[in-house]
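I opened the notebook to record what I looked up, element by element, before going back to the bench.

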Amino acid sequence: MQRKLRLPIGSTNYKEVCTHYYYLDKTLLIKDVLDDGAKILLLTRPRRFGKTLNMDMLRTFFEKTDEDTSSYFKNKKIWQQGEAYTREQGKYPVIYLSLKDIKSSEWETAFGLLKLVIASEFSRHRELDDSTKIAEEDSSFYKKIVNGTAAKEDYMLSLRRLSQMLQAYYELPVVIIIDEYDTPIQEGYVNGYYAQSVEFIRNFFSAALKDNPYVKLSVMTGILRVAKESIFSGLNNVRVYSVLDKRFSSYFGFTSAEVQTMAEYYEAEAKLPEIKQWYDGYKFGEVEIYNPWSVINYFANDCEAEPYWVQTSANLTIREIIKNLDESACEQLRELLNGATVQSVVETNIIYPSLRDTTTNIFGFLLLTGYLKAVKTMKLEGMNICELAIPNKEVKTVYRREILSLLQESRSSDTINKLQLYLITKNSRQLQAALRKFLLEAVSFYDGLQENYYQGLLLGMTGMFTNDYYPLSNRESGEGRFDIQLTPKTQGMPGIIIEIKAAKDASAEQLKMLAEQALEQIEVKHYDTELRRQGIGTIYKYGIAFCGKKVEIATK
């Protein structure tokens, strides 16, 4: 059998990948970039969807070098598009920065990494060192950046100064390519130096891109458009294409036809249904997209289905979001985990601090970062109204894992399993002890004041039961609305109804009475009506009362 090409796991060097590895031709991206006509393009896509490889492809195509790089494109689709495009190959000086590795828990280190990335790009243009084609003051500036002796303000102005030098040297306009521009901003949000990061990045880009006469074209990639922080303040020539836009939709990720071709090449056509179940489901514009990182790893790992993409990130931001979900958003998340869709206005201009504020921002973030897909999108008065769903089996594992980690943190991994066991066996004594232990270890005293807080806590925990139950909350049944209902998926399993009460101050005896009142409410208002209508014969009813970190349970 003919030896198969290797798969480019982790390689983002276009020359290397298109020469030595299995490469899916995405070079028509070049044509669309040139045809678009915008001076500044921002293309937002989830992480590991091929952004860096595509940006290195653009760099290789446009950059004027001593090497004839046309050989990397002559057998590609772009070369078939005619002289209007091929004449642009190897024509311009290029500034290329990737900020994807600017990750640190503190701003000083992150800024140090930024300085190194900028210095490295200056050093890549050694032709400028002591060149008589650039002004003496520019030559001095160049040396300060390369030697690491420049001031903070110099680094903010560095891209503009470099573009000016390159234009003077080559007498040609410059192409600027910036990959993963928003990584330092996201790291700042997670690690507490958000303001410093935003200030630097705003000034850095504004100087480079605002009314810069030395630049022909700038292409940027990132996960989010963070316009509301004024990162692009005053840049009225930025054109943004997100996962909701039709243009550029097929260049990041793999299309169905591309995955079919890969499966045929690696003689794994029989695995296509499994690949689809695990890694398909994304929709960029109107194009069905597979997760490229996971598909590549799937074929490289002898077609073993695993959550490859979700293992490449600590998912810190999604954990932060889930931790702060309100009751309504928690309910929608549970519906998503049960395979349903939810409808939401989706805001594509994200400001990180607002992720804690509204469901609109939360679901917009989850969509743009690849944790949700837009099944349908409707525009109404400039708003995106989307029907959202979890894309595939792989992403569903993230929600379960991250919710579980939030609930468990450093505690025993079988906490949730024990909770389910005690509920379905009506072991109220053990259930009360487990909840009490959980409250002592996991919950801030000051959090334990509102009934809806405890309801959200139990909803999050019971939301992990989706293999055996359909968790619901605040739904009508009988003569009112229950707090939590667990409908069994398997015949013979008990149905469960939970009513929750909370007090700011209560004695042990008062707490017991409150639990009894919660149980009585289930009976009086006939909350078991819906479960009985579904033919569920065994129904366990729990009245649970909380006060701070104390809990009492009444059951029937």
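I began with strand 6, which pairs with strand 8 (residues 287-290) in the antiparallel sense over two bridges; I keep in mind throughout that this is a predicted model. Looking for a specific partner, I found that phenylalanine 254 has tyrosine 290 of strand 8 as its bridge partner.

I then followed the sheet outward and noted that three strands make it up, open and antiparallel, in the order 6-8-7. The edge strands are strand 6 (254-255) and strand 7 (282-284), each of which pairs on one side only. Over this region I also looked up helix 12 (residues 272-279), which lies across strand 7 and strand 8 and runs at about 95° to strand 8.

Next I turned to strand 12 (residues 469-473), and asked which residues are on its covered face and which on its uncovered one. Tyr469, Pro471 and Ser473 make up the covered face, whereas Tyr470 and Leu472 make up the uncovered one. Strand 12 pairs with strand 15 (residues 484-488) in the antiparallel sense, and I recorded five bridges between them. For serine 473, the bridge partner in strand 15 is isoleucine 484.

My last entry concerns the surface, where Val345, Met378, Leu380 and Met383 form a nonpolar patch with about 320 Å² of accessible area together. I traced valine 345 to strand 9 (residues 342-346), and I entered valine 345 as partly exposed because its relative accessibility is 31%, with the partly exposed class lying between the 20% and 50% cut-offs.

How values were computed:
Residues are numbered from 1 along each chain as its sequence is written. This is a predicted model: local features need pLDDT of at least 70, side-chain atom pairs count only at pLDDT 80 or more; totals for chains, interfaces and linings use all residues. Side-chain values use heavy atoms; hydrogens and water are left out. Buried means under 20% relative accessible area, exposed over 50%, partly exposed in between (1.4 Å probe, protein chains only). Helices (H or I, at least four residues) and strands (E, at least two) are DSSP runs, numbered from the N terminus. Two strands pair if DSSP finds at least two bridges between them. Patches are made of residues with over 30% relative accessible area and no salt bridge: like charges are joined within 9 Å, nonpolar side chains (Val, Leu, Ile, Met, Phe, Trp, Tyr) within 5 Å. Accessible areas come from the Shrake-Rupley method with a 1.4 Å probe; for residues, only the protein chains shown count as cover. A salt bridge is a side-chain nitrogen of Lys or Arg within 4 Å of a carboxyl oxygen of Asp or Glu. Contact means heavy atoms within 4.5 Å. Axes are lines fitted to C-alpha atoms, for helices over the stretch in contact, and angles run from 0 to 180 degrees between N-to-C directions.
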